[in-house]
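Colleague: I am new to this structure. Please pick one exposed spot on it, describe that spot closely, and then follow the parts on either side of it as far as they lead.

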Amino acid sequence: MNIEQVRIIDFPKIEDSRGNLSFLEESKHIPFEIKRTYWIYDVPGGQVRGGHAFKEQKELIIALSGSFDIIIDDGKEKKIYSLNRSYYGLYIPATLWREMVNFSTNSLALVISSTQYTESDYIRSYDEFLKYKNL
Ligand code: TYD
């Protein structure tokens, strides 16, 4: 069950009196080859992002600023992860339904993706998702 593969990945944190610095390297921190990054910002209060699954795409999501919650659902079980620090991210394998909720003011979500944007990789209906998972 791939919901068990969902996990927090910690990045290095270089603390300094001038401010902190974190980084990621594909070969050390990312469990896939990076094909794209995108970011979600200026989310009005109460709005929900996501609400879909991917057939192939794997992602790592980082709250670079502010906070939000990610609800992961494999069709049987749901898990909620609160992201609120920029030195870790949530790894999400393919074929899991996800929603991003509770965005704080000025939050910035960085998404690192294993694929280029492909609309046919999206499963945008929950019923279709359950069928895809044979549930
Ligand atoms: P979508 O992935 O549905 O957003 P979210 O999961 O955050 O709710 O994407 C919203 C729109 O942006 C949709 O029309 C597709 C487009 N889009 C791209 O053109 N390229 C991209 O890399 C992404 C992620 C989305």
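Modeller: Gly-46 has a relative accessible area of 75%, which is over the 50% cut-off, so it counts as exposed. This is a predicted model, and what follows is computed from it. Gly-46 sits in the loop that runs between S4 and S5. Although 57 residues separate Gly-46 from Phe-103 in sequence, their C-alpha atoms are 7.3 Å apart in space.

The two strands on either side of that loop lead to the ligand. Which residues surround the ligand? They are Arg-36, Tyr-38, Ile-40, Arg-49, Gly-50, His-52, Tyr-117, Tyr-122 and Arg-124. By kind, the shell divides into four nonpolar, two polar and three charged residues. Three contacts can be described atom by atom. A polar backbone atom of Gly-50 lies 2.8 Å from an oxygen atom of the ligand. For His-52, an N or O atom of the side chain is 2.6 Å from a ligand oxygen. In the case of Tyr-122, the distance from a side-chain N or O atom to an oxygen of the ligand is 2.5 Å. On its own the ligand has 530 Å² of accessible area, and the protein covers 63% of that. Strand S4 (36-41) and strand S5 (49-54) are the elements that give two or more residues to this shell.

Next come the sheets, beginning with the one that contains S4. Its five strands are ordered S1-S9-S6-S11-S4, the sheet is open, and the pairing is antiparallel. Strand S1 (7-10) and S4 are at the edges with a single partner strand each, so each has one side without a neighbour in the sheet. Direction ignored, neighbouring strands here are turned by 25° against each other on average. The partner of S4 is strand S11 (residues 108-113), joined to S4 by six bridges in the antiparallel sense. Tyr-38, one of the residues around the ligand, has Val-111 in S11 as its bridge partner.

Further along this sheet is strand S9 (residues 88-92). Is S9 enclosed or open to the outside? Five of its five residues are buried, so S9 is largely enclosed by the rest of the structure. In a regular strand, side chains alternate between the two faces of the sheet. In S9, Tyr-88, Leu-90 and Ile-92 lie on one side and Gly-89 and Tyr-91 on the other, and all are buried. S1 pairs with S9 over four antiparallel bridges, with Arg-7 opposite Tyr-91. Strand S6 (residues 59-65) is also antiparallel to S9, again over four bridges, and here Ile-61 has Leu-90 as its bridge partner.

On the other side of the loop, S5 belongs to another open sheet of five strands, in the order S8-S7-S10-S5-S12 and with antiparallel pairing. The edge strands of this sheet are strand S8 (78-83) and strand S12 (122-123); each has a single partner strand, so one side of each is left without a neighbour in the sheet. At the S8 edge, strand S7 (residues 68-73) runs antiparallel to S8 and is joined to it by six bridges. Within that pair, Phe-68 stands opposite Leu-83.

To return to the start, the loop that holds Gly-46 lies between S4 and S5. S4 is an edge strand of its sheet, while S5 stands between S10 and S12 in the order of the other.

Technical notes: Residues numbered from 1 in each chain as written. Predicted model: local features only at pLDDT ≥ 70, side-chain atom pairs only at ≥ 80, totals over all residues. Heavy atoms only, no water. Near = heavy atom within 4 Å. Polar contact = N/O pair within 3.5 Å; in protein donor to acceptor, adjacent residues only side chain to side chain. Areas by Shrake-Rupley, 256 points an atom, 1.4 Å probe, with all protein chains shown as cover. Nonpolar A, V, L, I, M, F, W, Y, C, P; charged D, E, K, R; others polar. Pairing = 2+ DSSP bridges. Axes fitted to C-alpha atoms, helices over the stretch in contact; angles between N-to-C directions. Buried < 20%, exposed > 50% of the residue type's maximum accessible area, 1.4 Å probe, protein only.
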